[in-house]
Structure formats: C-alpha cells, structure tokens
Amino acid sequence: MPQTVMKKMNKENITEKVEREYPTITLEYKDITAEQYKVFIEKHHDYGDKNITLGLNIEDEEDRNIMLCGLVIRMNDKVQRLLNLLFKRKGEACNESIEDALLDLSNYGIIGQIVNNKKWHKR
C-alpha cells in the first residue's frame, strides 16, 4: 500500500479514536471553531482585507512581514487584555469577555497563517 494512503488512513483512525475517547472536548472544539469562522466572516464583511494588509502588497515578502508584525501587535493587545481580565480585574469585563479575547486571539493566528501562505488577497 502506498505510504500516502497509509498516512491518510492513520490520520482518519487517529481522528476517530480521539473523537471516541474525548467526545466532550472534540465536540466543544468543533463548536468553537464554527463560532470562530462566524466571527471571522462578520468582521471580514465589516472591515475587508485592507484592515490586515494596511494597504500593502501581500506578494512582497517585506510587506508580508510587516503585516505579520501588525498581527503580532494585535495578538499582544489581546494577551494584555486577557492578563488584565484574569489578574487585575478578576474577570470583570466592561466591553470584552475572556472568551471574546481568546476567540479574537485564535482568529488572528489563523489570519496570520493565511497571510504567511500568501493567500490573503486571493479571491
């Protein structure tokens, strides 16, 4: 059997095994990623791709690195908000919950991967 077919079978078996052994975690993960996607779509609709690219040409390596640095700054803002919510305000959220900050943080990570893969401007 070709190695690629065996790798695919192993991945499917691992997925089934983990889903069977940890149904609560895996279902929650799927629910959260569905919510992440919904939020991504809503924000992308409102702000478009220029919000991330800063008007730069994503095909240029240097510009892509600048965009990734911008995403890292936004991610750091979210981390600082989380630290504030967790330790300084002890969970008191005025305009953002811990869950909201975590969702935004993970979405920025995915957007960073899309930018890094040179696909942000692709239609």
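Mentor: Buried means under 20% relative accessible area, exposed over 50%, and partly exposed in between, with a 1.4 Å probe and protein chains only. Of the 123 residues of this protein, 21% count as buried. The model is predicted, so local features need pLDDT of at least 70 and side-chain atom pairs pLDDT 80 or more, while totals for chains, interfaces and linings use all residues. Residues are numbered from 1 along each chain as its sequence is written, and side-chain values use heavy atoms, without hydrogens and water.

Trainee: How many helices and strands does the protein have?

Mentor: Helices (H or I, at least four residues) and strands (E, at least two) are DSSP runs, numbered from the N terminus. Here there are 5 helices and 0 strands. Along the sequence the pattern reads α-α-α-α-α.

Trainee: What share of the contacts in the protein comes from residues 24 or more positions apart?

Mentor: Contact means heavy atoms within 4.5 Å. Take the contacts with a separation of 6 or more: residues 24 or more positions apart account for 57% of them.

Trainee: What should the 28 residues of H4 span?

Mentor: The expected span is 1.5 Å times one less than the number of residues. Helix H4 covers residues 61-88, so 40 Å is expected; the end C-alpha atoms are 39 Å apart, which agrees. For H5, with 19 residues, the expected span is 27 Å, and the end C-alpha atoms are 27 Å apart.

Trainee: Which residues of H4 are buried?

Mentor: An α-helix has 3.6 residues a turn, so residues three or four places apart point the same way. In H4, the buried residues are Asp 63, Arg 64, Met 67, Leu 68, Leu 71, Lys 78, Leu 82 and Leu 85. They pack against helix H3 (50-53) and helix H5 (98-116).

Trainee: Is Lys 78 buried or exposed?

Mentor: Lys 78 counts as buried, because its relative accessibility is 7%. Leaving aside neighbours within four places in sequence, Lys 78 is in contact with Glu 96, Ala 101, Asp 104, Leu 105 and Tyr 108.

Trainee: At what angle do H4 and H5 pack?

Mentor: Two packed helices are described by the angle between their axes and the distance between the axes. Axes are lines fitted to C-alpha atoms over the stretch in contact, and angles run from 0 to 180 degrees between N-to-C directions. H4 and H5 pack at about 165°, with axes 9 Å apart. They are therefore roughly antiparallel. The cut-offs: under 35 degrees is roughly parallel, over 145 roughly antiparallel, 65 to 115 roughly perpendicular, and the rest oblique.

Trainee: Which residues of H4 and H5 meet?

Mentor: On H4 they include Met 67, Leu 71, Met 75 and Leu 82; on H5 they include Ala 101, Leu 105, Tyr 108 and Val 115. By class, this contact has 15 nonpolar, 3 polar and 4 charged residues. Nonpolar covers Ala, Val, Leu, Ile, Met, Phe, Trp, Tyr, Cys and Pro; charged covers Asp, Glu, Lys and Arg; the others, Gly among them, are polar.

Trainee: Where do the axes of H2 and H5 come?

Mentor: The axes of H2 (residues 23-47) and H5 come within 10 Å and cross at roughly 75°. The two helices are therefore roughly perpendicular. Glu 35, Gln 36, Val 39, Phe 40 and Lys 43 in H2 meet residues of H5, including Leu 103, Asn 107 and Ile 110. This contact has 5 nonpolar, 3 polar and 3 charged residues.

Trainee: What do the buried residues of H5 pack against?

Mentor: They pack against H2, H3 and H4. Among them are Leu 103, Asp 104, Leu 105 and Ile 111. Ile 114, also in H5, is partly exposed, with a relative accessible area of 27%. After H5 comes Lys 118, with a positive phi near 60°.
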